[in-house]
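Please load the model in your viewer and keep the sequence panel beside it. The tour below goes from one selection to the next and says what is found at each stop.

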Amino acid sequence: MQVTGISTESVNAGANVVAMRAREINSTLKASTQKITESIQATNRAAQVLQEAQSVDDIYAQTLQTVDQIKRVTEAFASKVEFSVNKDINRVVVKIIDATTNNTIKVIPSEEIQKIQARIQEALGLLFDEKA
C-alpha cells in the first residue's frame, strides 16, 4: 500500500530507525543520570567531611580553652596540671603535679592502665588487620 508515494516498508523502516535512536538516547540519558547522581553523592560526602573537619577544629579550640581554664584553677591550689597524649593508646594523659616539689601527685589514667590498654590494642591488632 502506498500513500502519497511512500511505501509501508519505508515508513516501518523509518519508525524502526527512530525507535532505535530513541533507545540509544534513553540509554545515554540513563548513564548520564547515573554519573550525575554519583557526582552529587561525592560532592555531598566531601561537604560532610569538610563540615566534620571544621567541627574537629572547633572541638580542638574549645579543648584548648578548657585546658587553660583548668590550669588557672589548679594554680590556686599549689598544683600544676600537665596534659599529654599517649600515642600508643591514643588517649589524653593528665598529670597532677605538686607545684612546690614538682612531684607527680596523680596520673590519669594510671601507668598500669595505660600499659593494659596498649597490650589490649596490640592484641586486637594481631586478631584483626588494622589496615582493612
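Select Val94 to begin: in this predicted model, Val94 is buried, with a relative accessible area of 18%, which falls under the 20% limit for that class. The residue lies in strand β4, which covers residues 91-98. If you now display what surrounds Val94, leaving aside its neighbours within four places in sequence, you will find it in contact with Val81, Glu82 and Phe83, and also with Lys106, Val107 and Ile108. For a distance to set against these contacts, add Val49, which is 45 residues away from Val94 along the chain, and whose C-alpha atom is separated from that of Val94 by 30 Å.

Next, go to Asn90, in the loop between β3 (79-86) and β4. With a relative accessibility of 62%, Asn90 counts as exposed, and its phi is near 55°, a positive value in a residue other than glycine. On the other side of β4, select Asn102, which is found in the loop between β4 and β5; the phi of Asn102 is near 65°, again positive in a residue that is not glycine. Such values deserve a look because most residues other than glycine have a negative phi.

From there, move along to Ile108 and Pro109, and inspect the peptide bond that joins them: this bond is cis, with omega at about -10°. Most peptide bonds, by contrast, are trans. Pro109 itself is found in the loop between β5 (104-108) and α2.

Continue into helix α2, which covers residues 111-127, and select Glu111 there. Glu111 is partly exposed, with a relative accessible area of 41%. Add Val93 to the selection: although Glu111 and Val93 are 18 residues apart along the chain, their C-alpha atoms are separated by 9.4 Å.

For the last stop, turn to helix α1, residues 8-75, and select Arg21 together with Glu24. What joins the side chains of these two residues? They meet in a salt bridge, with an N to O distance of 3.0 Å, and the count for the model comes to 1 salt bridge. Because Glu24 and Arg21 are 3 residues apart in helix α1, they are separated by about one helical turn. Both partners can be followed out to the surface view: Glu24 is partly exposed, with a relative accessible area of 37%, and Arg21 is partly exposed as well, with a value of 48%.

Note on methods
Residues numbered from 1 in each chain as written. Predicted model: local features only at pLDDT ≥ 70, side-chain atom pairs only at ≥ 80, totals over all residues. Heavy atoms only, no water. Helix = DSSP H or I, 4+ residues; strand = E, 2+ residues; numbered from the N terminus. Buried < 20%, exposed > 50% of the residue type's maximum accessible area, 1.4 Å probe, protein only. Contact = heavy atoms within 4.5 Å. Salt bridge = Lys/Arg side-chain N within 4 Å of Asp/Glu carboxyl O.
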